[in-house]
Amino acid sequence: MDLRFHDVEPTAEERAAVDALLGPAPSAWEGGDRSERDLRVAAGGHEARERRDLLLPALHAVNDRVGWISEGALDYICRRLTVPPAEAYGVATFYHLLSTKPRPASVTYVCTDLACQARGTDEVRRAVEDRLGPPGLSWQPSPCLGLCERAPAALTLKAGPTPGATVYGPASAEQLPGDPGDEPVEPPAEAAVPQAGDDGLILLRRVGVVDPASLDDYRASGGYAALRRAFELGPAGVIREVLDSGLVGRGGAAFPTGRKWAATAGQPDHPHYLVCNADESEPGTFKDRVIMEGDPYALIEAMTIAAYAIRAERGYLYIRGEYPRALARLEHAIATARARGFLGERVLGQDFSFDIEIRRGAGAYICGEETAIFNSIEGYRGEPRSKPPFPVEKGLFGKPTVVNNVETLVNVLPVLSMGAEAYKAIGVGASTGPKLFCVSGSVRRPGVYEVPFGATLRELLELSGGVPEGRTLRAVLLGGAAGAFVRPDELDIPLTFEGTRAAGATLGSGVVLALDDSVELPRILLRIAEFFRDESCGQCVPCRVGTVRQEEALHRLSVNGRSPGDDLTLLREVGQAMRDASICGLGQTAWNAVESAIDRLGVFSEARRDDT
């Protein structure tokens, strides 16, 4: 892509899509009608550059309307926002849901990731390929779609004046994604919660019980009581309560939430920002989706409390582009809350103003990293930043920022409604409160389960019904692609941060993927390696090169049946280099699951014995 403009005109449809977001172009310098004055004076450049953060929404607007982003459309967006074309092209090509090449208005994404692979996605993929041809324009293999309880899954996105989406789950060769005819009806959010309606639930208690579209229903079930208590405690009191509760982040890093809030609140630089990371892209993870679909007002209330505590007036909710229903429900809930005085100026009559802006991701696992999400929101490629400075000092737009994921935020509600001590009593040791787990793969009742910290992996698998009759459990992947495998004789591991760490595993984002004896583990490892290779942003050499070398070695071992000796040595060397030298957690954890499968499960040990 050239650094200069090409004077390629957008179509009327593309121009309308951009103008609907940005407003009409005020001058020829920004792509509007040319006048004599425009030939001599350029006005508003600084103001336009300050809107760089609208680059990704503008790209979405065109992609949603037409199905792809033409050179003329990109040129027009760049003029409107005064963004160099080469930079905008770099952003547009960073995300796999966006396209800079012509393609049909309807594109189907067939999940080929871990949970779907364990449930027969290869058959679906072959059937789609037989009908629609090789992957390319009309359909593509996709990383995890966050529909693991309905595996194998697929998603069709349709561009047009009113963009649409169709979810297939479970997809089958009989009802192919992309087929004409009646579209499948998506099940309600509570279908993903086998415990829905059970007494004793805390985080999931409203899912399937309360109408997710009704603010009145939410309030009747105790909604906004936690926010009112927050106003009674004051910002410092809220932070003290969260600190005393022992709440830590539920996204994998397990950093104390109260410490993060206190550090941000204490920064003299203003404004402060709150970012809700709803870009859960770890293969096997779908708990945040269920909360957003089944209890969206809980997330809005929790974000409002967090913003009050850190003295932020604006929050950004960054949601996966593959979550159309969650997006629609959050948009409705935010609009309703704003209209009823729960967002906006003087929330509930208090001397506190706060509003939420939704930003939609476009298919990039790396944007779940806390600094990559800033770059994505700001209109740059979603690449991680070097730390320090940390987000609490210089985060979004260079200002102090708190980033929490959905599950972490909704845990704040019981902390305030129950009190810190009662909340802390639910867990074990330093692992306090309830925890959500995404159970999928070879189990009878896949879904999101809520259990207190301290339950064992065996108890969780029994809740999900165990493996199907006639099958034997082969392994369990804890924590997703960045996690670790455990053996069937290790199921009494307590599901706490301390317990899994002592067992050489990790809770990660709460993934529990059960694999039975019908699953080919080498193929699963190869898929994990392919995932990290595809999702590496390419910014640092250890990850950019290491993920490719890891995938190549596993391909030789899994597909070509090569002797494992040299390749196992290479895998260990490459894995250690990625762990030690990568700039962010993607590269640092890309070797974890592969290493645990080799060392704990003995994958490739048969080949080694045969070779000797």
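**Note on the predicted model**

1. Helix 1 (residues 12-22) has Glu14, Ala17, Val18, Asp19 and Leu22 as its buried residues. The model is a predicted one. The cover over these buried positions includes helix 3 (55-66) and helix 4 (71-81). As for the spacing of such positions, an α-helix has 3.6 residues a turn, so residues three or four places apart point the same way. Directly after helix 1 comes Gly23, which adopts a positive phi of about 90°.

2. On the overall form, the chain contains 25 helices and 13 strands. Its radius of gyration is 24 Å, which agrees with the value near 25 Å for a compact globule of 612 residues. Along the principal axes, the C-alpha atoms occupy a box of roughly 80 × 60 × 50 Å.

3. On packing, 57% of the 612 residues in the chain are buried. Of the contacts between residues at least 6 apart in sequence, 71% link residues at least 24 apart. The exposed area of the chain is about 23700 Å², and carbon and sulfur atoms account for 49% of that area.

4. How many disulfides does the count come to? The count is zero. A disulfide is a covalent bond between the sulfur atoms of two cysteines. For Cys78, the closest cysteine sulfur belongs to Cys367 and lies 19 Å away, which is too far for a bond. Cys78 is buried, at a relative accessible area of 0%. Cys148 likewise takes part in no disulfide: its nearest cysteine sulfur, in Cys144, is at 3.6 Å, whereas the cut-off is 2.5 Å. Cys148 also counts as buried, with 4% relative accessibility.

5. Where does Glu490 lie? Glu490 is placed in the loop that runs between strand 12 (484-486) and helix 19 (497-502). With a relative accessibility of 15%, Glu490 counts as buried, because buried means under 20%. The side chain of Glu490 is joined to that of Arg600 by a polar contact of 2.7 Å.

6. Is Asp580, in helix 22 (residues 564-581), buried or exposed? Asp580 is exposed, its relative accessible area being 58%, and the cut-off for exposed is over 50%. Pro542 stands 38 residues from Asp580 along the chain, and the C-alpha atoms of the two residues are 8.8 Å apart.

Terms used
Residues are numbered from 1 along each chain as its sequence is written. This is a predicted model: local features need pLDDT of at least 70, side-chain atom pairs count only at pLDDT 80 or more; totals for chains, interfaces and linings use all residues. Side-chain values use heavy atoms; hydrogens and water are left out. Buried means under 20% relative accessible area, exposed over 50%, partly exposed in between (1.4 Å probe, protein chains only). Helices (H or I, at least four residues) and strands (E, at least two) are DSSP runs, numbered from the N terminus. Contact means heavy atoms within 4.5 Å. A polar contact is a pair of N or O atoms within 3.5 Å; within protein, one must be able to donate a hydrogen and the other to accept it, and residues adjacent in sequence count only if both atoms are side-chain atoms. The radius of gyration is taken over C-alpha atoms; the globule rule is 2.2 Å times the number of residues to the power 0.38. Accessible areas come from the Shrake-Rupley method with a 1.4 Å probe; for residues, only the protein chains shown count as cover.
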